[in-house]
Amino acid sequence: MIERHFTLEEADPILFFGVQNANIKMLRALFPKLRIIGRDNVIKVMGSEEDMVVFEEAFTELERHCAKFNALNEEDILDVIHHRSSGREDSGRDVIVYSTSGRPIAPRTENQRRLVEAWQTNDMLFAVGPAGSGKTYTAIALAVRALKNKEIKKIILSRPAVEAGEKLGFLPGDMKDKIDPYLQPLYDALEEMIPPAKLQEYMQANVIQIAPLAFMRGRTLNDAVVILDEAQNTTTAQIKMFLTRMGWNTKMIVTGDRTQIDLPRSTPSGLIEAIRILRGIPGIAFIEMNKGDIVRHKLVTRIVEAYEHEAERARQAAASPAQSSHSPQPNNIQQ
């Protein structure tokens with residue numbers, strides 16, 4: 001009899017073991033000649049070498065399944081052990097990753113699909129569009145997939161620390177506490193795609209890093225997916241600094257919304273400048289999203305449309321006096 005320890009490197013132990021260790025109990029039933037004990041992220045197995053080889057093969061496949069789909073139940077175990085197709089593989093061709101609840105995350109609009117396709121052939125992507133169009137969410141899903149597939153070693157997420165029209169004052173706590181409010185939307189997306197224990201592990205090991213844009217200066221980012229969110233609030237110098245951090249085996253995704261610039265009126269948006277300057281460079285793709293890509297509540301689309309109409313009305317009103325000022329003036333000089 002031999003004893004071996006199998007460590008869960010990719011899958012979340014809570015998901016793998018199941019509710020009240022239901023999955024471990026199923027494995028014991030399927031491998032009656034082995035003694036199987038699960039604790040923390042380690043499974044201790046005792047038995048003959050012949051049975052151990054079969055269990056190791058099953059364990060490897062089960063961990064892969066659990067890490068990919070963020071789910072593992074008794075039916076999944078039976079499918080893997082008996083080499084049956086679960087049906088998820090066939091239906092998941094467009095799936096980027098699976099959420100922590102097992103829900104497939106896939107592009108839902110044509111422009112989101114274009115973003116996913118552009119990822120395959122470009123190392124730098126600009127995704128620009130209105131609130132709710134899935135820019136950041138799709139970008140983070142692509143980054144999580146690359147990490148799970150071991151295509152990269154880390155994910156780096158960044159945003160400029162600019163208040164949206166209100167002064168937050170001096171926030172309490174250490175540096176992390178001070179910058180977390182600005183980065184919460186990025187945490188929200190990550191928490192949907194990576195189980196809590198695994199996400200905490202990744203962040204403690206700096207496999208996933210979330211930092212304000214100012215912390216990027218001086219770094220060279222290799223073997224990573226780097227996402228700059230809310231890039232419309234960067235200055236020209238800031239976005240240039242960010243883009244030049246790119247190292248080997250690195251992809252960058254820059255997301256932003258031209259209609260939500262929170263910079264002072266006298267400061268031009270670095271995102272708009274970068275799009276103008278970099279358009280046409282091989283290896284850089286530009287995805288323009290619109291209100292048709294909004295996948296939030298239907299009211300979000302209506303709100304965006306209402307503000308677009310108001311902005312157009314304001315432009316027309318501003319242009320009218322300018323036009324009248326250039327029109328020929330009546331000649332009141334008496335001959």
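**Helices, a sheet and a core**

Colleague: At roughly what angle do helix 2 (residues 22-30) and helix 4 (residues 74-81) cross?
Modeller: This is a predicted model, where local features need pLDDT of at least 70, side-chain atom pairs count only at pLDDT 80 or more, and totals for chains, interfaces and linings use all residues. Residues are numbered from 1 along each chain as its sequence is written, and side-chain values use heavy atoms, leaving out hydrogens and water. Helices (DSSP runs of H or I, at least four residues) and strands (E, at least two) are numbered from the N terminus, while axes are lines fitted to C-alpha atoms, for helices over the stretch in contact, with angles from 0 to 180 degrees between N-to-C directions. The axes of helix 2 and helix 4 come within 10 Å, and their crossing angle is roughly 35 degrees.

Colleague: Which residues of helix 4 does helix 2 meet?
Modeller: Contact means heavy atoms within 4.5 Å. From helix 2, the residues taking part are A22, N23, M26, L27 and L30. Their partners in helix 4 are E74, I77, L78 and I81.

Colleague: Now the sheet: which strands stand at its edges?
Modeller: The open sheet has 6 strands, paired in parallel (two strands pair if DSSP finds at least two bridges between them), in the order 8-7-9-10-6-11. An edge strand has a single partner, so one of its sides is left without a neighbour in the sheet. Here the edge strands are strand 8 (208-212) and strand 11 (284-288).

Colleague: Which residue of strand 10 (residues 250-256) stands opposite I227?
Modeller: Strand 9 (residues 224-228) pairs with strand 10 in the parallel sense over 5 bridges. Opposite I227 in strand 10 stands I253.

Colleague: Helix 7 (residues 135-148) and helix 10 (residues 236-243) both lie across strand 10; at about what angle does helix 10 run to that strand?
Modeller: Helix 7 runs at about 165 degrees to strand 10. Helix 10 lies across strand 6, strand 9 and strand 10. Its angle to strand 10 is about 155 degrees.

Colleague: Which helix gives the largest share of the largest nonpolar core?
Modeller: A nonpolar core is a set of buried (under 20% relative accessible area, 1.4 Å probe, protein chains only) Ala, Val, Leu, Ile, Met, Phe, Trp, Tyr and Cys residues joined through side-chain atoms within 4.5 Å. The largest one has 39 residues, and I140, L190, M193 and I208 have the most contacts inside it. The largest share of this core, 8 residues, comes from helix 7.

Technical notes:
Buried < 20%, exposed > 50% of the residue type's maximum accessible area, 1.4 Å probe, protein only.
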